[in-house]
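Biologist: Could you take me closely through the largest pocket of this protein, and then set that pocket in the context of the fold around it?

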Amino acid sequence: MLNNDDFLNTVLQSLERQFPSKQALDRKQTAEAIGIGLSTLDLRIKDGRNLPRYIKIGDAKNSRIVFPLLSIAEFLTNQRQKVLQ
């Protein structure tokens with residue numbers, strides 16, 4: 001079984017292949033990458049729980065949100081740790 005660093009690198013490489021030339025993903029792409037629906041992701045953003053770190057671009061209520069690939073990979077690695085414990 002892969003250790004956490006190896007798993008993180010594997011997940012990051014997979015995301016980079018799946019979303020070439022992207023450093024960050026929008027909400028829809030992020031939901032797809034972590035295996036949940038867009039409405040579930042939006043609810044998690046609203047509640048501020050159980051989601052990758054994100055960047056909000058602007059101050060408006062409906063400002064664009066992007067998720068860096070590394071944040072998504074770290075989130076998936078941390079979710080794996082919870083399952084294995």
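**The largest pocket and its setting**

Modeller: The model is a predicted one, and in it the largest pocket holds about 290 Å³ of space. Its lining consists of Asp26, Arg27, Asp42, Ile45, Lys56, Lys61, Asn62, Ser63, Arg64 and Ile65, and the elements that contribute two or more residues to that lining are helix H3 (38-47) and strand E3 (64-68). Sorted by character, the lining residues comprise six charged, two polar and two nonpolar ones.

Strand E3 also belongs to an open sheet of three strands, ordered E1-E3-E2 and paired in antiparallel fashion, in which strand E1 (24-25) and strand E2 (55-57) are the edge strands, each pairing on one side only. Between E2 and E3 there are three bridges, and Ile55 lies opposite Val66 in E3. In general, the strands of a sheet are paired by hydrogen bonds of the backbone.

Turning to the protein as a whole, its secondary structure amounts to four helices and three strands, which follow one another from the N terminus as α-β-α-α-β-β-α. The C-alpha trace spans about 45 × 30 × 20 Å along its principal axes, and the radius of gyration of 13 Å agrees with the value near 12 Å that a compact globule of 85 residues would have. Of these 85 residues, 33% are buried, while among contacts with a separation of 6 or more, 50% are made by residues 24 or more positions apart.

Note on methods
Residues are numbered from 1 along each chain as its sequence is written. This is a predicted model: local features need pLDDT of at least 70, side-chain atom pairs count only at pLDDT 80 or more; totals for chains, interfaces and linings use all residues. Side-chain values use heavy atoms; hydrogens and water are left out. On a 1 Å grid over the protein atoms alone, a cavity is a set of points where a 1.4 Å probe fits but cannot get out, and a pocket is an open set with protein on both sides within 12 Å along at least five of seven lines; lining residues have an atom within 4 Å of a point. Grid points are joined across faces, edges and corners, and a volume is the space filled by probe spheres set on the points. Ala, Val, Leu, Ile, Met, Phe, Trp, Tyr, Cys and Pro count as nonpolar, Asp, Glu, Lys and Arg as charged, and the others, Gly among them, as polar. Two strands pair if DSSP finds at least two bridges between them. The radius of gyration is taken over C-alpha atoms; the globule rule is 2.2 Å times the number of residues to the power 0.38. Buried means under 20% relative accessible area, exposed over 50%, partly exposed in between (1.4 Å probe, protein chains only). Contact means heavy atoms within 4.5 Å.
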